[in-house]
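Please look over the sequence and the 3D structure shown here before reading on. The report that follows is written for a reader who is new to describing proteins from their atoms.

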Amino acid sequence: MNVQLVDSLVEIVSKLTPEDQKLFLSKLSHINIIPSEQQNLTSAEKVAQFQEWLSQFPQSSITLSDESLRRENIYDDRGI
């Protein structure tokens, strides 16, 4: 682990303007940074990780009726 390099990068990024920091984070988010131990997960392990990730979000009791999900009730098919 290269702690010195990481500390230097953090220092550099912290000195960027807010706009430049936003751009940096945007570009960084498009890079595929997946730890090697996660690349070898089984399907069941990936599902478990995904479910764990989902559990961090607020729960809601709001549901939609089957009628509200019908295509003709979602889209305007007038051919506009």
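The text below moves from the chain as a whole to its helices, its surface, its charged pairs and its aromatic rings.

**The chain as a whole**

The model is predicted, and every value in this report was computed from it. The chain contains five helices and zero strands, and if one reads along the sequence the pattern that appears is α-α-α-α-α. Of the 80 residues in the chain, buried residues make up 1%. The accessible surface of the chain comes to about 8,000 Å², and 58% of that surface belongs to carbon and sulfur atoms.

**Helix α2 and a nonpolar patch**

Helix α2 covers residues 18-29, and Phe24 is one of the residues that lie in it. With a relative accessibility of 36%, Phe24 counts as partly exposed, because the class of partly exposed residues runs between 20% and 50% relative accessible area. Phe24 also takes part in a nonpolar patch on the surface, where it is joined by Leu25, Leu28 and Ile31, and these residues together have about 350 Å² of accessible area.

Gln21 also has its place in helix α2, and its relative accessible area of 26% makes it partly exposed. Which residues does Gln21 contact, once its neighbours within four places in sequence are left aside? The contacts of Gln21 are then with Val13, Ser14 and Leu16. Two of these residues can be described more closely through their backbone oxygens: the one of Val13 lies 3.0 Å from a polar atom of the Gln21 side chain, while the one of Ser14 lies 3.4 Å from a polar atom of that side chain.

**Salt bridges**

How many salt bridges does the count come to? The count comes to two salt bridges, and the table lists each of them with its distance from nitrogen to oxygen.

| Salt bridge | Distance, N to O |
|---|---|
| Lys15 and Glu11 | 3.2 Å |
| Glu72 and Arg70 | 2.4 Å |

Each distance can be set against the cut-off, which asks for a side-chain nitrogen of Lys or Arg within 4 Å of a carboxyl oxygen of Asp or Glu. As for the setting of these side chains, Lys15 counts as exposed, with a relative accessibility of 64%, because the limit for that class is over 50%. Its partner Glu11, at 45% relative accessibility, counts as partly exposed. In the other salt bridge, Glu72 is partly exposed at 46% relative accessibility, and Arg70 is partly exposed at 42%.

**Aromatic rings**

A search of the whole structure finds two aromatic pairs. Trp53 and Phe57 form an aromatic pair whose ring centres are 4.9 Å apart and whose planes stand at 80 degrees to each other, so this pair is edge-to-face, because planes over 60 degrees apart are given that name. Trp53 counts as partly exposed, with a relative accessibility of 45%, and Phe57 is partly exposed too, with a relative accessible area of 37%. Ring pairs also bring in Phe50, which is linked with Trp53 and Phe57 into a cluster.

Technical notes: Residues numbered from 1 in each chain as written. Predicted model: local features only at pLDDT ≥ 70, side-chain atom pairs only at ≥ 80, totals over all residues. Heavy atoms only, no water. Buried < 20%, exposed > 50% of the residue type's maximum accessible area, 1.4 Å probe, protein only. Phe/Tyr/Trp six-rings, centres within 6.5 Å; stacked < 30°, edge-to-face > 60°. Helix = DSSP H or I, 4+ residues; strand = E, 2+ residues; numbered from the N terminus. Areas by Shrake-Rupley, 256 points an atom, 1.4 Å probe, with all protein chains shown as cover. Patch = residues over 30% accessible without salt bridge, like charges linked within 9 Å, V, L, I, M, F, W, Y side chains within 5 Å. Contact = heavy atoms within 4.5 Å. Polar contact = N/O pair within 3.5 Å; in protein donor to acceptor, adjacent residues only side chain to side chain.
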